[in-house]
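This report concerns a strand pair, the sheet around it and the helices that pack there. Please consult the sequence and the structure shown below while reading.

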Amino acid sequence: MEPLTQSSSISYCDSLTQYSRRKTIPVRIGDVIIGGDNHIVVQSMTTVDTMDTLGSVEQCIRMIDAGCELVRITAPSIKEAENLKNIKDELRRRGYKTPLVADIHFTPNAAEVAAKIVEKVRVNPGNYADKKKFEVIEYTDETYQAELDRIRERFLPLVKICKEHGTAMRIGTNHGSLSDRIMSRYGDTPLGMVESALEFLRICEDENFDQVVISMKSSNTQVMVQAYRLLVQKLDEGGFKPYPLHLGVTEAGEAEDGRIKSAVGIGTLLEDGLGDTVRVSLTEDPEFEAPVAKALIDRYTHRAGHTPIQEIDSYPIHPFDHEKRVTTEVYNFGDHNVPRVITDISKIEEITPKEMKQVGHFYLPELDKWKMNDQGCDFVYSGKNPIPFMLPNGMKEIQDFEIWRSSEDQRNKFPLFTMADYSLEASSHPELNFLEVVDTEIQEAIPLIRQSKNLVLILKTTNAHAMPAMRRALVSLMNAEIKIPVVIKVSYPDQSADETMLYAATDVGGLLIDGLGDGIFISLEKEKAHTREETLEQIKLHNSTGFGVLQAARTRMSKTEYISCPSCGRTLFDLQETTAMIRKRTDHLKGVKIGIMGCIVNGPGEMADADYGYVGSGKGKITLYKGKEVMKRSVPSERAVDELINIIREDGMWNEPEEI
């Protein structure tokens, strides 16, 4: 692959090293302006039935009070679109002026009604004018143009209504609901997502309508990031106006997984100055989404003044598809190996076997044996506090060099060198050694490490603009043709668990998305003194976050993944309760992806990445999928989880959970 020059071939962001918000045109939604010089706007979506006016109003108020600046409400048919007026009027009567957004799928007539009532409408170009049948269609240029003419005829009335009423629009492409037409011509690709949006955007521009926001959502963070980057590039190359971007990861899931997955996708783009409004999609009540979005956004309020980073003149990574940095294998790092998890236990003195459960390894004293769960870390860093017992075979210990060189067991422990310690003449382990390097030391380190055969770098930074600083260091290694594996190390002062998950997912996940990094190491070094119990809880958080980031970035699948939508007024069952029930029965299935969708709008299309699907198809009725293939229709909800498990079992992907 030929390197792409940032100045000429890559224009998806202003700089790969200096934080700078992409400058867009402003789009007015009521009293809120997205883009321009305005702050990044937080938004979310209601889950109450749109026909429940008071229920919708009460939920809107909870969302607004939690920090939501735009509220989206589904309008699947004309009756719901018409009821948006009652919801809006009641909110205004109570003193709430927050703009409303109508969410439209399949129903242009509902969009046209809603556009006369609310401040913004969202349309999905994959299903606004098309019915998805998963058909492959051969098009000539003439027949494809005829399809575009048909779309124009269907879409044009909405554009004119929006212009007349001062209503903004979001053209919201979703990876899983690309039309058969787009799939036939461009495939299931980021380019297909971009072209899907541009078809509709061209119609808007032909009508001189520019109050448009664009999104490129996917449940696959790699696809999502690549699609947004490619969109910006294509807007620039095609002479389009710089439209604002709505950022989101579809069907991110719940709890820790949902937060980490959202941060990997959204945070990676925010790091490069992309994004003007953010919605974090969690399978939780919507008032819990806004604080997570705000926590992601707030990191960039004062980011522009960060310590300068040397510019990248030639970027050896292709930003529109995933290709792992080429590395040599050292022990079990690099080359074909999955990224490794190093967990810091260095602040625990006299650690015991029972406390290793915090890093996923369980000692069973009655059997005198170890068991490991799906978050059993690969290495523990003990620093200056060596572990006084024999570790299980699945885990190894890293010690500071000064401790290691006086250890009685140098064979089964591995040394961590500082730059001051390290030289080719120093005593070292014959198979695996670690060298900790700050990003600003990378040029100094290159001559020292060029001939090393048994070395893994631990890369960290003190720069507030952490991900680009470490990206710059990795590019220096690539330009010097050094193929040593690199583990990304991050550390944070005392903060909430949510912030630790979000920050690590952004700082490390952004590198993993680009194929950079052979492991993750969340350090305790900036933590203040805590009680033993509090430190153990931090260790558990860091360990699970490490595995979560690798999974969210699609670089190491160590646990079951749930692609679950955040619920809305279309949902046909209790999503939170059902997701919890399915998780309880299936969360031991490593690497299996299960889509849990509240209605047919969000499945099977939105769960395109899932191995199996559980989709609401009517009140109390579930349709079950294997990939995109329907396996069983209209299954009563009380039997649906059992039937789902039967499908997984028949497919040879089931195993019984083990007791630990």
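In this predicted model, strand E5 and strand E6 (residues 100-104) are paired in the parallel sense, and 4 bridges join them. Within this pairing, Arg72 stands opposite Val101 in E6.

Both strands belong to an open sheet of 8 strands with parallel pairing, whose order is E9-E8-E7-E6-E5-E4-E11-E10. Its edges are formed by strand E9 (212-217) and strand E10 (246-247), each of which pairs on one side only.

Helices H1 and H9 pack on this sheet. The table lists the strands that they touch and the angles between directions.

| Helix | Strands touched | Angle between directions |
|---|---|---|
| H1 (residues 53-65) | E4 and E5 | about 150 degrees, with E5 |
| H9 (residues 289-298) | E4 and E11 (277-278) | about 155 degrees, with E4 |

Does the length of helix H1 agree with an expected value, or disagree? At 1.5 Å a residue, its 13 residues should span 18 Å; the C-alpha atoms at its ends are 18 Å apart, so the two values agree.

Which residues of H1 are buried? They are Thr53, Gly55, Ser56, Val57, Gln59, Cys60, Ile61, Met63 and Ile64. The partners against which these buried residues pack are strand E4 (41-45), strand E5 (70-74) and helix H2 (78-93). In general, an α-helix has 3.6 residues a turn, so residues three or four places apart point the same way.

Just after H1, Gly67 adopts a positive phi of about 115 degrees.

Terms used: Residues are numbered from 1 along each chain as its sequence is written. This is a predicted model: local features need pLDDT of at least 70, side-chain atom pairs count only at pLDDT 80 or more; totals for chains, interfaces and linings use all residues. Side-chain values use heavy atoms; hydrogens and water are left out. Helices (H or I, at least four residues) and strands (E, at least two) are DSSP runs, numbered from the N terminus. The expected span of a helix is 1.5 Å times one less than its number of residues. Buried means under 20% relative accessible area, exposed over 50%, partly exposed in between (1.4 Å probe, protein chains only). Contact means heavy atoms within 4.5 Å. Two strands pair if DSSP finds at least two bridges between them. Axes are lines fitted to C-alpha atoms, for helices over the stretch in contact, and angles run from 0 to 180 degrees between N-to-C directions.
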